[in-house]
Amino acid sequence: MAHISWFDRHDADDEPVLGGKNTSLGLLTSAGLPVPPGFAVTASAYRTVFASTGVEDSLTRLLADLDPSDPASVAAAGHRARELILAIDLPPWLLDPLAEAYAQLGEHCSTKDVPVAVRSSATCEDQPDASFAGEHDTFLWVRGAEAVGAHVLRCWSSLFTDRAISYRWRMHYAEAGAAMSVGVQQMVLPKAAGVAFTLNPHNGDRSQIAIDASWGLGEAVVSGSVTPDNFLVDKVMGTITRRIISTKTIEHRLDGDRVVEAEVDQDRRDIPCITDDEVRAVAGLARRAEKHFGCPQDVEWAIDPLITGEDKVVLLQSRPETVWSRKPRTTAANSSDMFRSMVDTLLDANRGREAAPG
Amino acid sequence: MADRFPSPFEMGTPAGAEGWQDLYAYSSIFSEDRREYEDSMFWFQDGVHTPEVVPPWDATILEYALIALSQYNTRHYVIPPARGVDVRILNGYMYLSPVGVSDPAEIESRVPEFMERAGYYFQNWDKLYAAWLPKVRALIDELEAVSFEPLPNREDMAVITEGRGVGSGFELVASYNRLLELVLKLWNYHFEFLNLGYAAYLDFFGFCKGLFPNIPDQAIAKMVAGVHVDLFQPDDELKKLAVLAIRLGVDEQVEHGTVDEVLARLDANHDGRTWVTAWEEAKQPWFNFSAGSGFYHSDKVWLENLEIPLGFIRNYIAKARRGESLERPMAAVSTERDRIVAEYTELIGNDEDRGTFEAKLGLARTVFPYVENHNFYVEHWGHSIIWRKMRDLGGLFVKEGFFADADDIFLLQRNEVPAAIFDMYHSWAVGIPARGPAYWPKEIDRRKGILDVLRGWSAPPALGKPPEVITEPFTIMLWGITSDSVEQWLGGAQEDGGLTGFAASPGIAEGPARVIFSADGISELRDGEILVAPLTAPSWAPVFGKIAATVTDVGGIMSHAAIVCREYGLPAVTGTAFGTKTVKTGQRLRVDGNTGKVTVLD
């Protein structure tokens, strides 16, 4: 089993060792959607390292004694597990291909020591669809092969944060089946970023794309630390059917050689962080992702002025929308009885004119 | 915010307009006799058809239109939740009131009748609609055949030798009666299909909003809209004439001088004569086209004001020379319509809804050609003849010294005209002076004075108590009166001078405003300006090629401005109520046809 898997050479057979996030990046890339280039360090690398260094046995013993209902016990075991992992010396059979892949990425991006985002992408053998959304760590603006290796360890260790352990326990996922794949992806420095749903999350309207957008990196929107601008775009007409501009106080941006959370300048707080054309470009990409996967999607996107290519918009993630997609759609009773429905429509004729809910 | 508009009984008469009530039918005036009923109703000013003071005879048309609309709702098809639309005139302005059926049991009891009656029309639509056009064409021929001849000194010998038994006085009386009868018939025909067409459209509209709560209104309109529409034909004819002039190389000869000069110049050469022949062919019927709503005798008809179409042709020639295409992109419109339908269909979650959607769309498309096309035949062609014939009759009165001008006839109520005809007939028959020449000139002066005062009165957009829900299809579709617009009127214009209305045609545009109150002003429009008008008329079509966006005071998503702007791909916000009152020419506006918002930028 390969230890390195490039997004642009996605192989469906690797999906069990890529985790949800890296699988989606591979699928988006191979579908021709704009995704920053990168590769995954697969979960097989994780497993092989853990087995060959003895960390696996130590972890098994450590977790066997764990009382998952006792926060103090979880915290102690978690702390010890993370120490064990961070102390690993990565073996050359992994370190060398990793350094080589990183160098290739740098060549591809024409940047030596290209800044990358190092992202956790957990897998769970008995739960292939487990999303683990937001359960594990992501590291931004990592430069140099050595630093990338160190951050792979940090992603691995984030499989044993207190909340990740508790999450698996709550969801009844087997500890032994959990493993971590790690994505290494060219870092974008967006002027604005956010999320998009390919339906209106307030009313399930599948003709709409809802976009949340804020200044800087998408972390502020994803974590909810900022009230984003909100747009609703009609998929078919491309018209922006709703536009709410919020006061955006916080942004994640690069300061020197690290990403910081900072206050947004006064003069940018209350203006839209993306133009109407950019709103439509984001909606267009989200729609393409939805069409590719064949079901409503929840995507992360970013607009980086330095990106070459269409509209400067890239996708950083796409996963199936789960709330409305599982609800059966209900329409008005009698709607197929033409006369009955005409009478109801006339009685309720103002319905269409009032601002639709959501 | 107030919860009701002023009562019609609180509205005083402007000084100098006393006695205005006598200019209109007694049954169309607010009165103490029906105060309790009238005060309980909601009345909105009909800015779509009659934004200005209505001359006495002109009121006939809207009264006949509404009686026909109402009778089809109440007596023909038994629309379950709606009766007719009542009409009153206040200080010369027409106010309408949709009359609903409020008792749920009564609505329910009307459903079987509606199903039987409307159902028959829906099921036999193609057959019945095929009969409509010949019927209305025959009616137009009958209207054209009405003639008002001067009373001769002696009856023709033929009257004697053929033993006709009736003379010219009788024919005069009969011709006027016939004209009125035909006007009423024209409006009966007008509503034979329209109510049902709107009901089917609204049903599809409501279903789409149920499936996709945030779907833009204009998306629904685009799915239903026809590609070829008779109402656009007059404009298309002008484009064709512009292209022909260039092709024949006579464009420079068309470009300057009066209509007569141009035609004389062209008549002198072969290619010119070819163009004149095409021009003459286009006239009938397509120049029976009103520059206004068609509801005023003063609306200019192309046929009688040939400088209007000629001016538009000149604009088109200039445009074509700059290399701009004049063609409406029919194929693109059609492809786009198919794409929109296919994509929404794909987004529907289950087969049952998809089937219902397709059935409703099918019905809406079956009924919609009528909705789009009838207007040319009735409001333009039919009305053009009616006004012309009435002017012929007015001319007879001018000859006999009753009036100074043929148009003075429009200052008489429809039921006063027979009295004046009788006076003229009587004086002719007996051989004595008529009273008319002493009576009418001063009466007409008095009436003109009253109407002038009334024109200066600012008519409130609505009167009385707004209903909880409006169920009358026309009120929503055509007049664009909804709970939202009513609320907006109650709230008055926004403090920042911004406006909201219907998102009638998508897109966003910025530019300087040009406030235009009538067809006479449209020549002032410059490229890139935003047209702000009480409403627009089909004959304004040529200006839509140069403006950046449209804002109107009145009208819904099926109003003329909405239809044409979608056709031309221009943003439009309709039914803003206060557009022409708030915006000044030259102010920069941002018109958002996606959200229905108009912002004043400076």
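**Exercise 1. Helix 12 of chain B**

Task: State which residues of helix 12 of chain B are buried, what covers them, and how the helix length compares with the expected span.

Solution. Step 1: The buried residues of helix 12 of chain B are B:I308, B:P309, B:L310, B:F312, B:I313, B:Y316 and B:I317. A residue is buried if 20 or more other C-beta atoms lie within 10 Å of its own, exposed if 12 or fewer, and partly exposed in between, with C-beta atoms placed from the backbone. Helices (H or I, at least four residues) and strands (E, at least two) are DSSP runs, numbered from the N terminus.

The model is predicted: local features need pLDDT of at least 70, side-chain atom pairs count only at pLDDT 80 or more, and totals for chains, interfaces and linings use all residues. Residues are numbered from 1 along each chain as its sequence is written, while chains are lettered from A and ligands numbered from 1 in the order in which they are written.

Step 2: The cover over these buried residues includes helix 8 (233-248), helix 9 (251-254) and helix 10 (259-267) of chain B. The cover is found by contact, for which the C-beta atoms of two residues, placed from the backbone, lie within 7 Å.

Step 3: Helix 12 covers residues 307-321, and its 15 residues at 1.5 Å a residue should span 21 Å; the end C-alpha atoms are 21 Å apart, which agrees. The expected span is 1.5 Å times one less than the number of residues.

Step 4: Just after helix 12 of chain B, B:G323 takes a positive phi of about 90°.

**Exercise 2. Two further helices of chain B**

Task: Check the spans of helix 3 and helix 4 of chain B, and locate the kink in helix 3.

Solution. Step 1: For the 20 residues of helix 3 (residues 104-123) the expected span is 28 Å, and the end C-alpha atoms are 27 Å apart, which agrees.

Step 2: Helix 3 of chain B nevertheless has a kink of about 35°, centred on B:E113. The bend at a residue is the angle between axes fitted to the seven residues ending there and the seven starting there.

Step 3: Helix 4 of chain B has 21 residues, which should span 30 Å, and its end C-alpha atoms are 30 Å apart, in agreement.

Step 4: B:V136, B:L139, B:I140 and B:L143 are buried in helix 4 of chain B. Helix 6 and helix 14 (351-399) of chain B are among the elements that cover them.

**Exercise 3. Nonpolar cores**

Task: Which residues touch the most other members of the largest nonpolar core, and which helix supplies its largest share?

Solution. Step 1: A nonpolar core is a set of buried Ala, Val, Leu, Ile, Met, Phe, Trp, Tyr and Cys residues joined through C-beta atoms within 7 Å. The largest one has 179 residues, and B:Y201, B:F204, B:I313, B:I409 and B:I530 touch the most other members.

Step 2: Helix 6 (residues 168-211) of chain B gives the largest share of this core, 21 residues.

Step 3: A second, separate core has 85 residues, including A:L25, A:A210, A:W215 and A:A289.

**Exercise 4. Domains of chain A**

Task: Describe how chain A is divided and what forms the side of domain 1 that touches domain 2.

Solution. Step 1: Chain A is divided into domain 1 (4-186) and domain 2 (192-326), with bounds from an automatic or database domain assignment. Their centres, taken over C-alpha atoms, are separated by 26 Å.

Step 2: The contact takes 12 residues from domain 1 of chain A and 17 residues from domain 2 of chain A.

Step 3: On the domain 1 side, helix 1 (19-30) and strand 4 (138-142) of chain A each supply at least two residues. The largest share, 4 residues, comes from helix 1 of chain A.

Step 4: By class, this side of domain 1 of chain A has 8 nonpolar, 3 polar and 1 charged residues. Ala, Val, Leu, Ile, Met, Phe, Trp, Tyr, Cys and Pro count as nonpolar, Asp, Glu, Lys and Arg as charged, and the others, Gly among them, as polar.

**Exercise 5. Backbone details**

Task: Where do A:S110 and A:D113 lie, and which peptide bond to B:P285 is cis?

Solution. Step 1: A:S110 lies in the loop between helix 5 (92-108) and strand 3 (116-124) of chain A. A:S110 has a positive phi of about 55° although it is not a glycine, and A:S110 is exposed, with 7 other C-beta atoms within 10 Å.

Step 2: A:D113 is in the loop between helix 5 and strand 3 of chain A. A:D113, not a glycine, has a positive phi of about 50°; A:D113 is partly exposed, with 14 other C-beta atoms within 10 Å.

Step 3: The cis peptide bond runs from B:Q284 to B:P285, with omega near 0°. B:P285 is placed in helix 11 (residues 270-286) of chain B.
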